[in-house]
Amino acid sequence: ELYTNAVDHGVLACESSLKRGPDGFEKYQRQRQQRLETLRHGSVWIRFDHQPQPDGGVLQICVRDDGAGFDPETLTPPAPGEPSGRGLALVRAFCE
């Protein structure tokens with residue numbers, strides 16, 4: 001989820017708002033494909049850091065991209081049934 005978000009929203013700057021509406025997801029996928037086909041540069045970095053502890057340890061995963069960035073604290077949770085905005089909520093549900 002973190003990698004997909006980094007590519008789609010960081011590197012490709014795709015608009016999640018396109019997913020709304022009856023053919024929204026199809027529009028989003030078309031935009032994504034077009035931007036992938038014309039992409040000249042873009043990077044995603046993933047760093048894993050494991051800190052061993054008696055109970056197994058802590059795994060820290062850091063994902064960065066060279067896009068414009070955003071402040072995750074300013075995001076509002078998606079409304080039920082909303083086709084976008086669930087990714088970070090899902091990650092937060094599984095992580096500390």
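Me: What counts as a helix or a strand here?
Reply: Both are DSSP runs: a helix is H or I over at least four residues, and a strand is E over at least two, with numbering from the N terminus. The model is a predicted one.

Me: OK. What follows α1?
Reply: A13 comes after α1, and its phi is positive, near 55 degrees.

Me: And which residues of α1 are buried?
Reply: Buried in α1 are A6, V7, D8, G10 and V11.

Me: What covers them?
Reply: The cover over the buried residues of α1 includes α2, β1 (44-51) and β2.

Me: Switching to pockets. What volume does the largest pocket have?
Reply: About 1,600 Å³. It is lined by 47 residues, and those closest to its centre are L2, N5, F70, G87 and L88.

Me: Which elements give two or more residues to that lining?
Reply: Two helices flanking the list in sequence order are α1 (2-11) and α3 (87-94), and the others are α2 (24-38) and β2 (58-65).

Me: How does the lining split by class?
Reply: There are 23 nonpolar residues, 13 polar and eleven charged.

Me: Cysteines now. How many disulfides does the structure hold?
Reply: Zero. For C95, the nearest cysteine sulfur is that of C62, 13 Å away.

Me: Is C95 buried, exposed or partly exposed, and why?
Reply: C95 is partly exposed, because its relative accessibility is 49% and that class lies between the 20% and 50% cut-offs.

Me: And C14, buried or exposed?
Reply: C14 has a relative accessible area of 5%, so it is buried, the cut-off being under 20%.

Notes:
Residues are numbered from 1 along each chain as its sequence is written. This is a predicted model: local features need pLDDT of at least 70, side-chain atom pairs count only at pLDDT 80 or more; totals for chains, interfaces and linings use all residues. Side-chain values use heavy atoms; hydrogens and water are left out. On a 1 Å grid over the protein atoms alone, a cavity is a set of points where a 1.4 Å probe fits but cannot get out, and a pocket is an open set with protein on both sides within 12 Å along at least five of seven lines; lining residues have an atom within 4 Å of a point. Grid points are joined across faces, edges and corners, and a volume is the space filled by probe spheres set on the points. Ala, Val, Leu, Ile, Met, Phe, Trp, Tyr, Cys and Pro count as nonpolar, Asp, Glu, Lys and Arg as charged, and the others, Gly among them, as polar. Buried means under 20% relative accessible area, exposed over 50%, partly exposed in between (1.4 Å probe, protein chains only). Contact means heavy atoms within 4.5 Å. A disulfide is a pair of cysteine sulfur atoms within 2.5 Å.
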